[in-house]
Amino acid sequence: AYGQGVWVEEKSDPDTGLRTGKILIGGVVNEIKPDSNLVEANLTEADLAMADLRGADLTGANLKEANLSGANLNEANLTNANLSDAILAEASLMDANLVDTNFESVDLTDVNLTGANFLYTNFTATNLNGVNLSGLDMTGVNFERASLWQTNLAGSILDYARWTDGENGEIATALSKPLYEDLNNLKPKVE
C-alpha cells in the first residue's frame with residue numbers, strides 16, 4: 001500500500017519542501033497543486049507525502065490508504081471524501097472543510113486541525129489522543145471506538161455526536177477520566 005500512482009511531473013518548493021505536479025493513477029492524470037480540482041478523484045493508496053493541496057477541492061475524493069504525511073491541505077474541501085486508513089503524520093488541515101469526511105482508523109495525533117469544519121465527520125476507531133478540538137462545531141460526529149485520551153473538546157458543539165463503542169452501548173473507550181465523567185453525565189437518566 002501507499003505507493004499507487006506515478007508522479008509524471010514533480011516540483012518541490014525549496015523553502016517548504018512541498019510537492020506539486022501531476023500524478024498518474026489508473027490511467028488518469030491528477031494535477032497536484034494549490035486550488036486544484038480533484039472532485040471525486042480516485043487517489044487510493046497515492047503517495048501524496050508533502051503535497052501542496054492548499055484550497056484544493058477534493059469533494060468526494062477517495063484517498064483511502066493514501067500517504068499524506070506532511071501534506072498541506074489548509075482550506076481544502078474534503079466534503080464526503082474517504083481518508084480511511086490514510087497516513088496523515090504532520091499534515092495540516094487548518095480551516096479545511098471536513099463535512100461528512102471519513103477518517104476511520106486514521107491517526108490524527110500530530111495533525112493540525114485548527115478551525116476545521118467537522119459536521120457529521122466519521123472518526124470511527126480514529127486516534128485523536130491529545131488533539132485540540134476545542135470550540136468547534138462537531139454536530140453529528142461519529143466517535144465510536146475512537147481514542148480520545150486527553151483530547152480537548154471544551155466548548156465544542158457535540159449535538160447528535162455518537163459516542164458508543166458499538167457493542168454494549170458504553171461511552172467511547174480511551175477517554176480521560178474527567179471527559180468520561182462529563183459525557184456519562186449527559187446520558188439520559190432513567191427514573
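## Salt bridges

In this predicted model, the side chains of arginine 19 and glutamate 10 meet in a salt bridge, with a nitrogen and an oxygen 3.1 Å apart. Arginine 19 counts as buried because its relative accessibility is 11%, under the 20% limit for that class. Glutamate 10 has a relative accessibility of 43% and is therefore classed as partly exposed. The two residues also belong to a network of salt bridges that links Glu10, Arg19 and Asp47. Side chains of opposite charge can pair when their charged atoms come close.

A search of the whole structure gives six salt bridges. One of them joins glutamate 144 to arginine 162, with the closest N and O atoms 2.8 Å apart. Both residues lie in the loop between β3 and α1, and the pair ties together parts that are 18 residues apart in sequence. Glutamate 144 is buried, because its relative accessible area is 13%, whereas arginine 162, at 43%, counts as partly exposed. Another salt bridge is formed by glutamate 31 and lysine 33, whose closest N and O atoms are 3.8 Å apart. Glutamate 31 is partly exposed, with a relative accessible area of 37%. Lysine 33 is also partly exposed, at 35%.

## Overall layout

The protein chain has one helix and three strands. Read from the N terminus, the order of these elements is β-β-β-α. Strand β1 covers residues 6-12, β3 covers 28-32, and helix α1 covers 177-186. Many of the residues described in this report are in the loop between β3 and α1, among them asparagine 72, glutamate 45, aspartate 100 and tyrosine 120.

Of the 191 residues in the protein chain, 45% are buried. Among the contacts with a separation of 6 or more, 12% are between residues 24 or more positions apart.

## Aromatic rings

A pair of aromatic rings is described by the distance of the centres and the angle of the planes. The whole structure holds four aromatic pairs. In one of them, the ring centres of phenylalanine 118 and phenylalanine 123 are 5.6 Å apart and the planes are at 50°, so this pair is tilted. Phenylalanine 118 and phenylalanine 123 are both buried.

In another pair, phenylalanine 143 and tryptophan 163 have their ring centres 4.4 Å apart and their planes at 20°, so the pair is stacked. The pair links distant parts of the chain: both residues are in the loop between β3 and α1, 20 residues apart. Phenylalanine 143 counts as buried because its relative accessibility is 0%. Tryptophan 163 is buried too, at 14%. One aromatic cluster is formed by Phe103, Phe118, Phe123, Phe143 and Trp163.

## Residues in the loop between β3 and α1

Asparagine 72 counts as buried because its relative accessibility is 13%. The side chain of asparagine 72 reaches the backbone nitrogen of asparagine 74 at a distance of 2.9 Å. Leaving aside residues up to four places away in sequence, asparagine 72 touches Leu18, Ala51, Asp52, Leu53, Arg54 and Ser92. Glutamate 45 is partly exposed, with a relative accessible area of 24%. The C-alpha atoms of glutamate 45 and glycine 5 are 7.9 Å apart in space, although the two residues are 40 apart in sequence.

Two further residues in this loop stand out by their backbone angles. Most residues other than glycine have a negative phi. Aspartate 100, however, has a positive phi, near 60°, and tyrosine 120 has a positive phi near 55°. Aspartate 100 is partly exposed, with a relative accessible area of 41%. Tyrosine 120 counts as partly exposed as well, at 45%.

## Surface

The protein chain exposes about 9200 Å², and carbon and sulfur atoms supply 46% of this area. Val6, Val8, Leu24 and Val29 make a nonpolar surface patch of about 330 Å². One of these residues, valine 6, is in strand β1.

Notes:
Residues numbered from 1 in each chain as written. Predicted model: local features only at pLDDT ≥ 70, side-chain atom pairs only at ≥ 80, totals over all residues. Heavy atoms only, no water. Helix = DSSP H or I, 4+ residues; strand = E, 2+ residues; numbered from the N terminus. Buried < 20%, exposed > 50% of the residue type's maximum accessible area, 1.4 Å probe, protein only. Polar contact = N/O pair within 3.5 Å; in protein donor to acceptor, adjacent residues only side chain to side chain. Contact = heavy atoms within 4.5 Å. Areas by Shrake-Rupley, 256 points an atom, 1.4 Å probe, with all protein chains shown as cover. Patch = residues over 30% accessible without salt bridge, like charges linked within 9 Å, V, L, I, M, F, W, Y side chains within 5 Å. Salt bridge = Lys/Arg side-chain N within 4 Å of Asp/Glu carboxyl O. Phe/Tyr/Trp six-rings, centres within 6.5 Å; stacked < 30°, edge-to-face > 60°.
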